[in-house]
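Okay, thanks for having me, everyone. Let me put the model up on the screen, and then I'll walk you through a few spots in it.

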Amino acid sequence: MKHSVIAGIGHAVGEKVMTNFDMMEFLDTSDEWISERTGIKERRVAAEDVYTSDLAAQAGKEAVESAGISVEDVDMIIVASVTPETLTPHMSCLVQKKIGAKNANCLDINTACTGFLAGLNIADCFVKCGEYQNVLVIGSETLTKAADWKDRKTCILFGDGAGAAVVQPTEEDYGLMGHHFGADGELGHTITLLNLLKDQEEMDKRISGIPQTLWMNGGEVFKFAVRAMINATKEAVKKSGIQMEDLNWLIPHQANSRIIEGAAKRLRLADGVVYDCVRLYGNMGAASIPVALYDANAEGKLKDGDIIAMTGFGGGLCYGSIVMKWKAIR
Ligand code: UT7
């Protein structure tokens, strides 16, 4: 049977490192509070003139090289983001132009922090039905450009980055196994980032007064996140025909180490199964999971044949998990 497999990966992160101590210079906060409540020590900030499509193109180009194909071989580009610098042209078209992937169809999606996984899921369908051979899936965000820098409850969380994967068909026993996705639109009001909407209640929440900034009810999202991570991972594992103890790795959305630890404990995962790089980047939205996957591989942690679950949650609110058998990347 034909599977789809990740054949190449790439990443890019904002150039500037901003530590918790740097934040204390303009915000009433402390390294102690941020570290204890979130696990974050530093995050990456893109330069003023570096946008979501720039990071996406950089990560995408690296993924194409890592898959050993040429940019002309890419037949589909999917970019997931909630921080596109323009709504049209959309990000995947900008990436197509920037990397010269002139034969690629281009699609943008927005399912917030679950976006990269949703992109992988779409790629999986296209690849399995034989429509495309090389799908470039990218999660990219410049969340620091959408942060309300006067709101200490949210701005300390975010960072900028992009992660990418090339998805190809394979007859071998590797690749995507099972998945589970879902949403709860009733909770949509707990994370908001406005576009054209003019709404006084939403405006009143934004301390900076800037409409295009991200607002969040952290406590409500926290409760949802732990629940969603547990359920999505359990369902994806079940649909993959394996047991939780078969997982070599869980690579979760990197929003908060306390969420990750809480979910890992309730999933009864053994020590060392969960990959956590929250301290280095904070929450990079749709880029969090692919950047974590990239780093775990770069650190030599992922072995050929490892069973990996990737689980995300966030704006929408939505959630999702994909289980895959890892094929070592050259
Ligand atoms: O990717 C989308 C998914 N998003 C998430 O997963 C986020 C989920 N939520 C969270 O990670 C946590 O809710 C936060 C880290 C955002 C907040 O942590 P919390 O433990 O829920 O804190 P809180 O908002 O309940 O605030 C507790 C206290 C408050 O003070 P009072 O009212 O008790 O006096 C805040 O004003 O901590 C205060 N506080 C801060 N203090 C220092 C809030 N932010 C800060 C800060 N520095 N940066």
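Before we look at helices, one bit of vocabulary: a crossing is called right-handed if the near helix is turned clockwise from the far one by less than a right angle, and left-handed if the turn is anticlockwise. Also, keep in mind that what you're looking at is a predicted model.

So, with that word in hand, let's go to helices α3 and α4. α3 covers residues 52-67 and α4 covers residues 91-99, and the two pack at an angle of about 55 degrees, with their axes 9 Å apart. That angle makes α3 oblique to α4. And the handedness? α3 and α4 cross in the right-handed sense. On the α3 side, the residues making the contact are T52, S53, D54, A56, A57 and K61, and on the α4 side they are M91, L94, V95, K98 and I99. If you sort the residues of that contact by type, you get six nonpolar, two polar and three charged.

There's a second pair to look at. Helix α7, residues 218-239, packs with helix α8, residues 257-266, at an angle of about 40 degrees, and their axes are 9 Å apart. Again the word is oblique, this time for α7 against α8. The crossing of α7 past α8 is right-handed. Who touches whom here? From α7 we have F222, A225, V226, M229 and I230, and they meet R258, I259, G262, A263 and R266 of α8. The tally for the contact of α7 with α8 is seven nonpolar residues, one polar and two charged.

Let's stay on α8 for a minute. Which of its residues are buried? They are S257, I259, I260, A263 and A264. Around the axis they cover an arc of only 160 degrees, so they sit on the same side of α8. Swing round to the other side of α8 and you find E261, K265 and R266, which are exposed. As for what covers those buried residues of α8, the list includes α2, α7, β11 (249-252), α9 and β12 (307-314).

You'll have noticed α2 on that list, so let's go there. Helix α2 runs over residues 31-38, and its buried residues are D31, I34 and T38. Looking down the axis of α2, they fall within an arc of 80 degrees, so they line one face of the helix. The face of α2 turned away from that buried side carries E32 and E36, both exposed. Among the elements covering the buried residues of α2 are α1 (20-23), β3 (42-45), α8 and α9 (278-281). Right after α2 comes G39, with a positive phi near 90 degrees.

Next, a single residue: W215, in strand β10, residues 214-216. Is W215 buried or exposed? Its relative accessibility is 17%, so it counts as buried. Leaving aside residues up to four places away in sequence, W215 touches D151, H189, T190, I191, T192, K205 and R206. Also, W215 and T154 are 61 residues apart in sequence, yet their C-alpha atoms are 7.1 Å apart in space.

Last stop, the backbone. As a general rule, most residues other than glycine have a negative phi, and most peptide bonds are trans. Here are some places that go another way.

Start with the cis bonds. The peptide bond from T88 to P89 is cis, with omega near 0 degrees, and P89 sits in the loop between β4 (76-80) and α4. Another cis peptide bond joins G316 to L317, with omega about -10 degrees. L317 belongs to the loop between β12 and β13 (318-325).

Now for positive phi outside glycine. A112 isn't a glycine, but its phi is positive, about 50 degrees. You'll find A112 in the loop between β5 (105-109) and α5 (115-128), and at 12% relative accessibility it counts as buried. R268 isn't a glycine either, and its phi is positive at about 55 degrees. R268 is in the loop between α8 and α9. Is R268 buried or exposed? Exposed: the relative accessible area of R268 is 76%.

That's my tour, so over to you for questions.

Methods
Residues are numbered from 1 along each chain as its sequence is written. This is a predicted model: local features need pLDDT of at least 70, side-chain atom pairs count only at pLDDT 80 or more; totals for chains, interfaces and linings use all residues. Side-chain values use heavy atoms; hydrogens and water are left out. Axes are lines fitted to C-alpha atoms, for helices over the stretch in contact, and angles run from 0 to 180 degrees between N-to-C directions. Helices (H or I, at least four residues) and strands (E, at least two) are DSSP runs, numbered from the N terminus. Angles under 35 degrees count as roughly parallel, over 145 as roughly antiparallel, 65 to 115 as roughly perpendicular and the rest as oblique. Contact means heavy atoms within 4.5 Å. Ala, Val, Leu, Ile, Met, Phe, Trp, Tyr, Cys and Pro count as nonpolar, Asp, Glu, Lys and Arg as charged, and the others, Gly among them, as polar. Buried means under 20% relative accessible area, exposed over 50%, partly exposed in between (1.4 Å probe, protein chains only). The arc is that of the directions from the helix axis to the C-beta atoms.
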